[in-house]
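Open the model in your viewer and get ready to click along. We'll take the whole chain to start with, then hop from stop to stop.

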Amino acid sequence: MSDEQELIQLETLCKQMYESNDTTQRKCAETALFMFSNSLDCLPKCQLLLERRDSSYAQLLAATTISKLISRSQNNLNIEQRLEIRNYILNYLHSNTKLAPFVLQALVTLFARITKIGWFDSNKDDKFVFQEIIPQITHFVQGSVESCNIGVQLISNFVLEMNQPNSQEVNRSLFKHRKIAASFRDKNLFEFFQLAQELLNRALEGLKATKFLDEDQQTLISNLLKLTIHCLSFDFIGASSDDSSDDLTCVQIPTNWRPAFLDPKTLKLYFDLFHLLPSHLSSLSLSCLVQLASVRRTLFNNLERATFLNNLINGIRCILENPQGLSEAGSYHEFCRLLARLKTNYQLGELVKADEYAKTLELIANFTITSLRLWTVASNSIHYLLILWQKMVTSVPYIKANEPHLLERFAPEITRAYITSRLDLVNEVVINGVDDPFDEIVMIQQQLEQLSTIARCEYENTCTLLVNLFDQTAKTYQELMQSIHTSQTNIDIEIQESRLTWLVYIIGAAIGGRVFLNSSDEQDQMDGELAFRVLQLMHYTDVRLTQGGFCKKLELGFLSFFEQFRKTYVGDQVQKTSTVYKRLSEAFGLNEETLVLSVFVCKIITNLKFWGNDETVVMRTLKILSDLSIGYSSVRKLVQLEQIQFILNNHTAQNFPFLSNSFDINYMKCRTIFYTSLGRLFMIDSGEDEDKFEKFMLPLTNSLDTLTNMLSNKAMFSADETKRALIGIARDLRGLVFSFVSKSNIMIFFNWIYPAYTPVFHAAIDLWYNDPQVTTPILKLYAELVNNRSQRLQFDISSPNGILLFRDTSKLLVNYGSKILMIRDIADDQLYPMKLKGVSICFSILKLALSGSYVNFGVFQLYGDRALEDALNTIIKLILSISISDILEYPKLSQSYFVLLECIAQDHMKFLANLEPNVFLYIISSISEGLNSLDMICTACCSILDHIVTYIFKEVSKQNKKKDFNEVQTCIKIIEMKPEILPNMLSTILNIIMFEDCRNQWSMSRPLLGLILLNESYFDQWRQSILTMQPHMTPLFDGLMNGIERNLLSKNRDRFTQNVSTFRRDLCDFQKTNASNNCGNSSNNIINDMMN
């Protein structure tokens, strides 16, 4: 096929993939294009596709293919080739300004990616050629509006690329990314910010003069604002914060940016743009203001900060006085974020001293009240408004300013507006079909957490309002329930139930707010009034449950109330004489904590009995039971209650339907939580009583006896029923084993389960080894059983139980491992759930068993028992069946893998040393990859490498002393056959210590000494190559080996670790000095060059 025909075919395939409605045709096209993007000759064809300009989809394919090629760790492209590609892309963009938007985006992303990857690559003249980007972009900015647009997009995407680690950097190492980002921050970022400021000022002047923007000009301003946002959102200090911490964000602007922020024109620019730009662009100017409002406090002195804050508040006040620009949803949301940042970055004492504080606060309060009453305002916008008021109320006790803060006036208005607006919303939901907020319960909980603090300000007003609304709604609800039910009555009942649900949630939040603020006896008594009403309503609804009356939302509201009340008034740290019990004592006789706990437990039993079919209610109920079973004092009070004794003696499906095997398998996860709580409660008084234990375990004993019969009797065997029973019992037992933390408890449990019932789980693995729903609970049960948590597995000196436990565990691992290896051709999307998850748990099981210190593993070899050897060999086979890339891609798998290797290298190094060459090389390769991974993985790899290197050093030392050897260890032979292995490791660690952000320096230093002693000639060559370029570093390297002897004794290692620390500190000082000397002649007129 000729090149022309192949290009036409590629264009056709692109069209089929992006435009075809035929799924099969699209999949075939996607497969063919994927093969093309991985072919060896794709690069020249991509250039031809770009030149043809016949198909935008083909241009997109070319750009993304080149980007993938550049991003590969082994792309085989030298500096000149990559530089040529970058220059070609720039020339192509300059001569093709009418590209499709998605093609333009792909090309500017390619430019950013190739520049970042080559940032520290130098040519023959030791010049960082990829860092010279200003001259490359200048001609874009100086050209037409279209050309300038492309130039701004190039810069904007480049800033974004420099700020965000790509997928490889996230999964492996962030060191290189941070180093590149810091270099770019110091070299170019401020210049780009100034460029955006200058161009925006010019655009603003033109807009004021003409009052009109054409489409190209609007696009340019949009891109300039995005560039400003990217500059201000840069991770200046390498904190790698994510969007979830948005409320706490502080922009760590460098000190050399200070003059730009002291200039009042900076803030004014973005406020003016907001008022003049079209609504779809004004939100971007507000986003810039959000970042400006978040600038770190220490950038200013007190006077400068007050001036900056005054300018900011005046701008906000002007927007609130003329809110027409907030009609667009994006602008509204960004303005709410801006308001939240006021208190995030400034103290209440500073705000009250602002010139227009009182007027602005009143405007903000009115704006908040209006927002709460509008159903169209997005809940995530409300979130930021509530954050503002929450933080202000929280600060009231600490304010020292004499100026009035006025919160006692406005905070109750906000609370009232929230409560009444939520109740009014109920009618819209039930009658007009507005989206129910309770469908997003996490959002409601977040809002209530914020309201809980606001509501405690002038708490008497809040309580009075809640009591009146609750009494009125509850009365109406009872009247409706006693009336004849019609369709209209049912609607009215639904409305009242929803209103009561809101009130129960809000009362719970108000009580929970006591934790954050100081409370008086009067306020505690008010909490009692509110709690009394909720408990009274709960009693009424529980009676209705027995008659078939269910309201899930209200039940979840009760559980939320219980959680808040428990945190506030039940527990080890709570004052027992609280006046909250005064009203509860009068109404229900609940005059102390134990009686309140009995109410909790009764509700738990009721929910587990009547709501067993609802996973959400059951899980929330079990969470309360779990929380109660953790507290030291509360759990001891709980076990004295009759209701708890009933649960401990009657935990069967007949009493608690969610324990039935007929439920959905995924629903059975809640059983683990249930039995964990029961195990904690049982241990308090009955943990060492074997008779009580047998009675407690009777339901589980009956279940396992039934399972044994079903598995052994084909006439009784039902695959689905047996499978469900196995999954359920495995989850039940795992919960119990987790809760048994004392030696006596776990010993009784082990004698109960072994050897009577462990064959059940081995049989299950035989039958359903390819079903993760069965194998995962069983493997996790064993992982918990062999875990010597709190030194609970301490067997008597005459007891064989430790060996028996390991033999049984080994049997399970070998059985599962050998069978899972038989499964072939697993789809990529099923690889983790079908295989890797189970393998990861196997790694954890063996690690926990080997490190538990309850088995003398020398016994196995001494008596010819193959349990240990078989387990290790099975694990090695499992390791070889997984690619290193898969190990590093899945965090749980990589963690369990390297932690297991560390354990084996520490205590079973002889086994590692005698592995087959291909296995040992695989392990060494994985360690090498892991050294460049995340800190936790890197630390484990250093430890593994230290054990291996120490072992090799000792063996080589023995050989050099010409001792009599029966056989040479396999690892020594491999090192002799492949002498480059250890030098490569040495080079990797030295490069990380010298040139990366080495956070685990101590761990890195441990294997380094052994590697140097084993590769002294290579280390001398490597050192000399550095000194050839930097002769001033000679004292640093002399100090590294100062006082170091040729041994790996602890004293020598510790001295070397200290030398490494000194070496790194001196190296950092040297690099800073060198950098400051080299930066003295940097250009100060880059912006002028680009603008002229």
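What follows is a walk through a predicted model, with something to select at each stop.

**The whole chain**

Start with everything shown as cartoon. You should see helices and no strands: the protein chain has 53 helices and zero strands. Its radius of gyration is 35 Å, close to the 31 Å that the globule rule gives for 1092 residues, so the chain is as compact as a globular protein of that length. If you like a box around things, the C-alpha atoms fill one of roughly 95 × 85 × 65 Å along the principal axes.

Now colour by burial, if your viewer can do that. Of the 1092 residues, 54% are buried. As for contacts with a separation of 6 or more, 76% of them link residues 24 or more positions apart.

**The nonpolar core**

Next, select F261, F565, F674, L733 and F761 and show their side chains. In the largest nonpolar core, which has 376 residues, these five touch the most other members. Then add helix 10, residues 175-210: with 14 residues, this helix supplies the largest share of the core.

Stay with F565 for a moment and zoom in. What is F565 in contact with, leaving aside its neighbours within four places in sequence? Show I511, A531, V570, V580, L584, V596 and F600, and you have the set.

**Two helices side by side**

Select residues 264-276 (helix 13) and 302-321 (helix 15). They pack at an angle of about 10°, and their axes are 10 Å apart. Because angles under 35 degrees count as roughly parallel, helix 13 is roughly parallel to helix 15.

To see the contact itself, turn on side chains for P264, L267, F271, F274 and H275 on helix 13. On the helix 15 side, pick F308, N311, L312, G315, I316, C318 and I319. Sorted by class, that contact has nine nonpolar residues, three polar ones and no charged ones.

**Three buried stops inside helices**

- **L93.** Go to helix 5, residues 79-95, where you'll find L93. Its relative accessibility is 0%, so L93 counts as buried. Beyond residues up to four places away in sequence, L93 touches L99, L104, L107, V108, F140, I150 and L154. Try a distance label between L93 and I150: they are 57 residues apart along the chain, yet their C-alpha atoms are separated by 7.6 Å.
- **T415.** Move to helix 20, residues 407-432, which holds T415. Is T415 buried or exposed? With a relative accessible area of 1%, T415 is buried. Apart from its neighbours within four places in sequence, the residues in contact with T415 are L451, I454, A455 and T462.
- **S840.** Now jump to helix 39, residues 831-850, and pick out S840. This serine has a relative accessible area of 7%, so S840 is buried. Leaving out neighbours within four places in sequence, S840 is in contact with K892, L893 and S896.

**Loops and backbone oddities**

Time for some backbone. Most residues other than glycine have a negative phi, and most peptide bonds are trans. The next stops go the other way.

Select Y754 and P755 and show the backbone as sticks. The peptide bond joining Y754 and P755 is cis, with omega about 5°. P755 sits in the loop between helix 35 (743-753) and helix 36 (758-768).

Then select E458, in the loop between helix 21 (441-455) and helix 22 (459-482). E458 is not a glycine, but its phi is positive, near 55°. Its relative accessible area is 35%, so E458 is partly exposed.

D825 is another one to click: phi of D825 is near 55°, a positive value in a residue other than glycine. Look for D825 in the loop between helix 38 (801-820) and helix 39. Its relative accessibility is 80%, so D825 counts as exposed.

**Last stop: a buried loop residue**

Finish at V129, in the loop between helix 6 (101-117) and helix 7 (134-141). How exposed or buried is V129? It has a relative accessible area of 12%, and V129 is therefore buried. Beyond its neighbours within four places in sequence, V129 is in contact with I79, L83, R86, D121 and N123.

Before you close the session, zoom out and draw a line from V129 back to E458. C-alpha to C-alpha they are 65 Å apart, and in sequence they are 329 residues apart.

How values were computed:
Residues numbered from 1 in each chain as written. Predicted model: local features only at pLDDT ≥ 70, side-chain atom pairs only at ≥ 80, totals over all residues. Heavy atoms only, no water. Core = buried A, V, L, I, M, F, W, Y, C linked by side-chain atoms within 4.5 Å. Buried < 20%, exposed > 50% of the residue type's maximum accessible area, 1.4 Å probe, protein only. Helix = DSSP H or I, 4+ residues; strand = E, 2+ residues; numbered from the N terminus. Contact = heavy atoms within 4.5 Å. Axes fitted to C-alpha atoms, helices over the stretch in contact; angles between N-to-C directions. Parallel < 35°, antiparallel > 145°, perpendicular 65-115°, else oblique. Nonpolar A, V, L, I, M, F, W, Y, C, P; charged D, E, K, R; others polar. Rg over C-alpha atoms; globule rule 2.2 N^0.38 Å.
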